[in-house]
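Open the model in your viewer and start with a cartoon view. We will go stop by stop, selecting one thing at a time.

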Amino acid sequence: MLNLGEELVSSYLEYIKGCDFIQKNLYTPDVQGEIDVVGINLKSREIYVCEVAIHLTTGLRYVKDKQPDNVVKLTEKFSKDIEYANKYFPDYGKHIMLWSPIVKSAKVTSKENQLIDLERIDKKIKGKYGIDIEFIVNEKFLKCLGELRDFAKRETKELKSPVLRLMQVEEYLKKHVSKHDT
């Protein structure tokens, strides 16, 4: 079954970042886990290791025992991702990313604040590995969707990604309809 979030990220890495190889749901038995999307750009020698969380109504919300668990869950995931990238791509530039369209903030005094969770995760990962997580959330996520839509609008050949093909159809239909409005 098509995972829309992973398809969007894969398309972005391929068409916008120029990755030569994309793998979705990469199982990593040596570090016991799965990575949602990995993209490799051979020319620039960069690897993109991406976790994708499309939680629309709740925002970015992982729970364990009915308690918020974003910091622990995502710190563990990113640690495994970094260990994988370091082991297999030691000489590559590394982009460790979280893609999530809706990450909610709350009052500073609130028990749950997803944006503060991201700051905590980044601080833990930076302290342990010296790497900053690239958070593609909220406005940045929307900007990346816009980049994909602009690419689809300019491209004339049929795009293989179902998501980009839909964007392409929408953009060409808009042009067609606007020319024929009377």
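**Stop 1: the sheet.** This is a predicted model. Select β1, β2, β3, β6 and β7. These five strands form an open sheet, and they sit in exactly that order, β1-β2-β3-β6-β7. The pairing is mixed.

Now colour the two edge strands. β1 covers residues 21-28 and β7 covers residues 134-137. Each has a single partner strand, so one side of each is left without a neighbour in the sheet. Turn the view and follow the strands across. From one strand to the next, the twist averages 25°.

**Stop 2: one strand pair.** Select residues 33-41, which are β2, and residues 46-52, which are β3. In which sense do β2 and β3 pair? The answer is antiparallel, over five bridges. Pick out V38 and look across to β3. Its bridge partner there is V49.

**Stop 3: two helices.** Hide the sheet. Select residues 4-16 for α1 and residues 139-154 for α4. The axes of these helices come within 10 Å. At what angle do the axes of α1 and α4 cross? They cross at roughly 60°. That angle makes α1 oblique to α4. The crossing of α1 and α4 is left-handed.

**Stop 4: the cavity.** Keep both helices on screen. A search of the whole structure finds one cavity of 30 Å³ or more. About 40 Å³ of space lies in the largest cavity. Show these residues as sticks: L8, Y12, W99, F141, C144, L145 and L148. They line the largest cavity.

Where does the lining come from? α1 and α4 each supply at least two of its residues. The largest share, four residues, comes from α4. Next, colour the sticks by class. How many lining residues are nonpolar, polar or charged? Seven are nonpolar, none is polar and none is charged.

**Stop 5: the whole chain.** Show everything again and colour from the N terminus on. Count the elements as you go. The chain has five helices and seven strands. They run α-β-β-β-β-β-α-β-α-β-α-α. Trace that order along the cartoon, one element at a time.

Last, zoom out and show the C-alpha atoms alone. They fill a box of roughly 60 × 40 × 30 Å, taken along the principal axes.

Terms used: Residues are numbered from 1 along each chain as its sequence is written. This is a predicted model: local features need pLDDT of at least 70, side-chain atom pairs count only at pLDDT 80 or more; totals for chains, interfaces and linings use all residues. Side-chain values use heavy atoms; hydrogens and water are left out. On a 1 Å grid over the protein atoms alone, a cavity is a set of points where a 1.4 Å probe fits but cannot get out, and a pocket is an open set with protein on both sides within 12 Å along at least five of seven lines; lining residues have an atom within 4 Å of a point. Grid points are joined across faces, edges and corners, and a volume is the space filled by probe spheres set on the points. Ala, Val, Leu, Ile, Met, Phe, Trp, Tyr, Cys and Pro count as nonpolar, Asp, Glu, Lys and Arg as charged, and the others, Gly among them, as polar. Two strands pair if DSSP finds at least two bridges between them. Axes are lines fitted to C-alpha atoms, for helices over the stretch in contact, and angles run from 0 to 180 degrees between N-to-C directions. Angles under 35 degrees count as roughly parallel, over 145 as roughly antiparallel, 65 to 115 as roughly perpendicular and the rest as oblique. A crossing is left-handed if the near helix is turned anticlockwise from the far one by less than a right angle, and right-handed if clockwise.
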